[in-house]
Amino acid sequence: MNGNTPYGGAPGVVDAGKLSTDVELTQDQRQSLQRAVAGIVSQTRSYLPDSYTVGSELSYGSNGPTATVAVRPPAGHPVSAGFTPDVDDLDAGIGTDERDEVARGLAASAALQVMDAVGDGITPTAR
């Protein structure tokens with residue numbers, strides 16, 4: 001009967017006996033997160049040619065804010081990276097090393113998707 005009560009959330013989402021409430025961010029925390037995600041998008045774009053599409057999405061739920069950055073390569077499957085920063089860490093901002101790691105990983109994954117989609121059938125134009 002626990003699943004029929006408003007207090008019986010999914011395991012790992014809401015503890016039994018506690019209500020699900022959205023986490024509220026201050027204006028400074030929200031702006032810090034938006035700047036960090038915009039920086040990841042910008043840096044990811046700098047690693048890739050113009051034919052790749054890079055975008056982001058911010059959402060807020062019961063577990064706090066969630067940021068997703070996605071890349072759609074010209075061939076192959078889209079790739080994305082999502083992360084949920086700790087609300088207490090948003091005041092200090094997301095570290096440059098963490099942003100760099102996400103951007104490099106996304107760019108590399110997107111390039112790999114193109115390589116997998118194209119295969120080995122391309123003749124090199126130069127040596």
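Start by selecting valine 54, which touches Val41, Thr44, Arg45, Leu48, Val69, Ala70 and Val71, not counting residues up to four places away in sequence. Contact here means heavy atoms within 4.5 Å. Before going on, a word on the ground rules: this is a predicted model, where local features need pLDDT of at least 70 and side-chain atom pairs count only at pLDDT 80 or more, while totals for chains, interfaces and linings use all residues. Residues are numbered from 1 along each chain as its sequence is written, and side-chain values use heavy atoms, with hydrogens and water left out.

**Stop 1: valine 54 and its strand**

Keep valine 54 selected and colour by secondary structure; valine 54 sits in strand β1. Helices (H or I, at least four residues) and strands (E, at least two) are DSSP runs, numbered from the N terminus. Is valine 54 buried or exposed? Valine 54 counts as buried because its relative accessibility is 6%; the cut-offs are under 20% relative accessible area for buried, over 50% for exposed and partly exposed in between, with a 1.4 Å probe and protein chains only. Now add leucine 106: the two C-alpha atoms are 9.6 Å apart in space, although valine 54 and leucine 106 are 52 residues apart in sequence.

**Stop 2: the whole chain**

Zoom out to the cartoon. You should find two helices and three strands, in the sequence pattern α-β-β-β-α. Of the 127 residues in the chain, 26% are buried. Among contacts between residues at least 6 apart in sequence, 53% join residues at least 24 apart. With the surface switched on, the chain exposes about 8500 Å², and carbon and sulfur atoms supply 48% of it; these areas come from the Shrake-Rupley method with a 1.4 Å probe, and for residues only the protein chains shown count as cover.

**Stop 3: the sheet**

Select the three strands. They form an open sheet in the order β1-β2-β3, with antiparallel pairing; two strands pair if DSSP finds at least two bridges between them. Which strands lie at the edges? They are β1 (53-61) and β3, each pairing on one side only. Neighbouring strands of this sheet are turned by 15° against each other on average, direction ignored.

Next, walk along the β1 and β2 pair, which is antiparallel over nine bridges and forms a hairpin with two residues between the strands. Valine 54 has valine 71 of β2 as its bridge partner, and serine 59 stands opposite threonine 66 in β2.

Move across to β2 (residues 64-72) and β3, antiparallel over five bridges. Their hairpin has six residues between the strands, and glycine 76 in the turn has a positive phi of about 95°. Show alanine 67 opposite phenylalanine 83 in β3, then threonine 68 with its bridge partner glycine 82 in β3.

In a regular strand the side chains alternate between the two faces of the sheet. To see two faces here, select β3 (residues 79-83): Val79, Ala81 and Phe83 make up the covered one, Ser80 and Gly82 the uncovered one.

**Stop 4: the helices**

Turn the view to the helices. α1 lies across β1, β2 and β3, running at about 160° to β1. α2 lies across β2 and β3, at about 155° to β3. Axes are lines fitted to C-alpha atoms, for helices over the stretch in contact, and angles run from 0 to 180 degrees between N-to-C directions.

Now select α2 (residues 96-118) alone: its 23 residues reach 33 Å from first C-alpha to last, close to the 33 Å expected at 1.5 Å a residue, where the expected span is 1.5 Å times one less than the number of residues. Which residues of α2 are buried? Show Asp100, Ala103, Leu106, Ala107, Ala110, Gln113 and Val114; their cover includes α1 (27-47), β2 and β3. Just after α2 comes glycine 119, with a positive phi near 80°.

**Stop 5: the core**

Finish with the largest nonpolar core, where Leu48, Val69 and Val71 touch the most other members among 22 residues. Such a core is a set of buried Ala, Val, Leu, Ile, Met, Phe, Trp, Tyr and Cys residues joined through side-chain atoms within 4.5 Å. α1, β2, β3 and α2 each give two or more residues to this core, and the largest share, five residues, comes from α1. For a last selection, take leucine 48: leaving aside its neighbours within four places in sequence, leucine 48 is in contact with Val54, Val71, Ala107 and Ala110.
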